[in-house]
Amino acid sequence: MKTFLSSFISSLTPYTAGEQPQDRRYVKLNTNENPYPPSPKAAEALRTFDVDRLRLYPSPDADGLRDAIARAEGVERENVFCGNGSDEVLALCIPAFFDKGGRGAAFADITYSFYPVFCDFFSVPYRTVPLKSDYTMDLDAFSKADCDGILLTNPNAPTGIGIGRAVMEKFVAENPDKLIVADEAYMGFFGESAVSLTKRFKNLLVVKTFSKYYSLAGIRCGYAVGDKALIRGLFAAKDCFNSYPVDALCQAVCAAAVSDGEYYAAAAEKVRSERARLRTELIGLGFFVPESASNFLFAGHPKGGEFIYRGLKERGVLVRFWNTEKLKNFCRITIGTPEQDDELLFALRDILSR
Ligand SMILES: *Cc1c(COP(=O)(O)O)cnc(C)c1O
């Protein structure tokens, strides 16, 4: 029977997002959301938003929000691009910066699993570079890789391991002919952002999101910071696809959030101290847990990731598990509030004592 689907779309394997189940209440530690609420200033922007403004199209280039981001990041408006989630910003990077018949993109074999999906969707070739045996990025191998650009999650997911600014600077300087896209979705929990380097390096684009650090996953907004020429490329790609990706409400709420640095720094500090506690507790329960620079832990156990994942789900705690050769011993566990993490630890003790 005719399906009406193109053979191209039928040939693709789309990204699978983490579960967002609605069947019962879970302690949700599977998609790296911030356990603390958005800033009171963001809440105020939402409460006082004039609904009549929704009659009109929003600023197509999100200029007010770009100004707020530019102020917070110490750059100019022309250095900022906004999209409907950083997923959209990252997706637009592929047609903006890579040729179908070119040398393609490179990224780690264990990293954000959306990258190969974006490349396939835009028919851009890619190669993967294995992590080192200690799960860190093999930057020397990236420097040697024959490619037009590198997608580098920093801190990496799902390992949580970060690359400091000095190391990043050396890496970007060493690769002047490659575009480095630094996906800093979790950088707020590390504090080593490469944004300041974008002023000196025209081959560096930093991508960030409101979903994790800014506690606004539900609003869908992300942005890129880089040289004006790169930003113009992203605008050209956007205007071939969706002229108004960031709605007016989103622009108002995110502008308020990004201007409340103090609130978010305090929330991130709570996450970091909880991260240290949870890691110690997990190691005590027999897990292998690399030091994390992020708001989640990459936790391996001799009994296997699936055993842990299933046992936790039965007990009402959700974590992320990937059934692949390299990841099957691990779960990725989002840092929750101390109360949520206590529930996780209680469930783990129960599972492991059986
Ligand atoms: C969560 C995440 C994103 C996507 O963020 P959105 O802005 O919600 O689309 C991008 N990159 C990485 C590595 C992430 O973990």
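A residue counts as near the ligand here if one of its heavy atoms lies within 4 Å of it. With that in hand, welcome to a predicted model in which 13 residues surround the ligand. The ligand sits in the largest pocket, and the notes below go through its neighbours, its polar contacts and the annotated domain.

**The shell around the ligand**
- Of the 13 residues around the ligand, the nearest are Ser 86, Tyr 186, Thr 209, Ser 211 and Lys 212.
- Sorted by class, this shell holds four nonpolar, five polar and four charged residues.
- Helix H4, which spans residues 86-97, gives the most to the shell, with three residues.

**Polar contacts with ligand oxygen atoms**
- The side chain of Thr 209 has an N or O atom 2.5 Å from an oxygen atom of the ligand.
- For Lys 212, an N or O atom of the side chain is 3.0 Å from an oxygen atom of the ligand.
- Arg 220 joins in too, with a polar side-chain atom 2.7 Å from an oxygen atom of the ligand.
- As for cover, the ligand has 380 Å² of accessible area on its own, and the protein covers 92% of that.

**The annotated domain**
- An unreviewed UniProt entry places the feature "domain: Aminotransferase class I/classII large" at residues 26-346.
- Across residues 26-346, the chain is 37% helix and 15% strand.
- The C-alpha atoms at the two ends of residues 26-346 are 14 Å apart.

Notes
Residues numbered from 1 in each chain as written. Predicted model: local features only at pLDDT ≥ 70, side-chain atom pairs only at ≥ 80, totals over all residues. Heavy atoms only, no water. Polar contact = N/O pair within 3.5 Å; in protein donor to acceptor, adjacent residues only side chain to side chain. Areas by Shrake-Rupley, 256 points an atom, 1.4 Å probe, with all protein chains shown as cover. 1 Å grid on protein atoms, 1.4 Å probe; cavity = no way out; pocket = protein on both sides within 12 Å on 5 of 7 lines; lining within 4 Å. Sits in = over half its atoms within 2 Å of the grid points. Helix = DSSP H or I, 4+ residues; strand = E, 2+ residues; numbered from the N terminus. Nonpolar A, V, L, I, M, F, W, Y, C, P; charged D, E, K, R; others polar. UniProt positions renumbered as here; feature names shortened; annotations may be inferred.
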